[in-house]
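Okay, thanks for making time, everyone. I'd like to walk you through one structure, starting from a single contact and working outwards.

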Amino acid sequence: MKSCRCCLKSLLCHQSTPAWWHVMPQNYCTVREINIKTETYQNTRHKQQSSFNDEEVRKFGALSDHWWARDGPYKPLHSLNRLRVPLVRDGLISTGATVSKDGRQPLEGVTILDVGCGGGILSEPLARLGASVTGLDASHKSIEAAQQHSSLDADLQGRLQYKCCDLDTFSQRLDQQYDAVVASEVLEHVDSIEAFIESCNACLKPSGSLFLTTINRTPLSFLGAIVAAEYLLRIVPVGTHTWDKFVPIEALKKLLEERGLQTRLQHGMLYAPVLDRWCWVADTSVNYALHAVNIADTSVNYALHAVNYAPESPMSPESPTSSLS
């Protein structure tokens, strides 16, 4: 008999348990304390100086042929655009980063770095809103897939470019800073959250915006994002996520604050697999989105405007700006 997880020691034979049981964290019975003990989180995780994880890069590179398959492994990311595109658009409008009067291209003149862009699922719709977008990914295969797909749309030429590089190296060789950095569904795949946030911040202009979507580290997220999504419903391939890499929202906000990034908005996100639809919710215990601003420009008091807008979701299907993929 082997000791099983979550304090059920020796009650069940380890080999007889379902497959998802084997990926359950050994200290799962104590995870309720995680969101409270953010100090412990910071002191015990992500000690490496680099955020780059070669295994994660290879994992997504192996699926590079499926980035634009609407019923493939990235199907939830396509539908997630209905939340994250308005999140970025409305967040930049709310901070005054864009003053465009063009309803079709409200982000005209804005520069955006899309970190971990993969095949360009988010980069393309942001560029269609008028932004000058740089998609960054460490996977050559993913970048090739992104370039090939964007070449099919003449309207994206000159507005969207892709670079194959890891964020840490890219941030040390900057030729420009950006009005916004977007890292959607990336944080849970890096080695060092601290290094990742610092590199993102280095890429931002003063008063620039950082947009993040990721997964909270809670018992509910283990059940929802791993047990249900990977093993039961097969929404994403088994092994896509590692629960220990999920990021407690309070710990993330503290990391941001310590690096001069002030949180302006946070939202929970809920996915309905049968409908293939995402919606905003108050509960951030599983998926959540966060918008933070670099407050290096001390003349602007963002505290007065904290969490005072909500992104529209979804965009109107009739709107020209609703081309989300």
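**Starting from one contact**

So, the side chains of Glu185 and Thr213 make a polar contact, at 2.5 Å. Before I go on, keep in mind that this is a predicted model.

Where does Glu185 sit? It's in the loop between β4, residues 178-184, and α7, residues 193-202. And is Glu185 buried or exposed? Its relative accessible area is 15%, and the cut-off for buried is under 20%, so Glu185 is buried. If you skip the neighbours within four places in sequence, Glu185 is in contact with Leu77, Leu80, Thr213, Thr214, Ile215, Met269 and Asn287.

Why pick that residue? Well, the UniProt entry, an unreviewed one, has a "binding site" annotation that covers Glu185, Glu188 and His189.

Let's take Glu188 next. Glu188 is also placed in the loop between β4 and α7, and at 1% relative accessibility it counts as buried. Again leaving out neighbours within four places, the contacts of Glu188 are Thr213, Thr214, Ile215, His241, Lys245 and Phe246. You'll recognise Thr213, Thr214 and Ile215 from the list for Glu185.

Okay, on to strand β5, which runs 204-215. Ser209 is in that strand, and with a relative accessible area of 1%, Ser209 is buried. What does the side chain of Ser209 make a polar contact with? The side chain of His291, at 2.8 Å. Beyond four places in sequence, Ser209 has contacts that include Leu92, Thr95, Asp179, Ala180 and Val181, and also Ala292 and Val293. One spacing for anyone who likes distances: Ser209 and Thr263 are 54 residues apart in sequence, and their C-alpha atoms are 9.7 Å apart in space.

What packs against β5? The buried residues of α8 do. Those are Ser221, Phe222, Ala225, Ile226, Val227, Ala229, Glu230 and Tyr231. Helix α8 itself, residues 219-232, is a bit of an oddity: for its 14 residues, a straight helix would reach 20 Å at 1.5 Å a residue, but the end C-alpha atoms are only 17 Å apart. Then, just after α8, Arg234 takes a positive phi of about 55°.

Last topic, charges. Side chains of opposite charge can pair when their charged atoms come close. How many salt bridges do we get here? The count is 9, and I'll show you three of them.

One is between Lys75 and Asp71, at 3.8 Å from N to O. Here Lys75 is partly exposed, at 26% relative accessibility, while Asp71 is exposed, at 71%.

Another pairs Asp90 with Arg89, and there the closest N and O atoms are 2.7 Å apart. Both partners are buried: Asp90 has a relative accessible area of 13%, and Arg89 has 9%.

Then there's Glu124 with Arg128, at 3.0 Å, N to O. These two both lie in helix α4, residues 123-128, and they're 4 residues apart, about one turn of the helix. Why does that spacing suit a pair? An α-helix has 3.6 residues a turn, so residues three or four places apart point the same way. Glu124 counts as buried, at 0% relative accessibility. And the pair has company: salt bridges that share partners join Glu124, Arg128 and Asp153 into one network.

How values were computed. Residues are numbered from 1 along each chain as its sequence is written. This is a predicted model: local features need pLDDT of at least 70, side-chain atom pairs count only at pLDDT 80 or more; totals for chains, interfaces and linings use all residues. Side-chain values use heavy atoms; hydrogens and water are left out. UniProt positions are given in the numbering used here, feature names are shortened, and annotations may be inferred rather than shown by experiment. Buried means under 20% relative accessible area, exposed over 50%, partly exposed in between (1.4 Å probe, protein chains only). Contact means heavy atoms within 4.5 Å. A polar contact is a pair of N or O atoms within 3.5 Å; within protein, one must be able to donate a hydrogen and the other to accept it, and residues adjacent in sequence count only if both atoms are side-chain atoms. A salt bridge is a side-chain nitrogen of Lys or Arg within 4 Å of a carboxyl oxygen of Asp or Glu. The expected span of a helix is 1.5 Å times one less than its number of residues.
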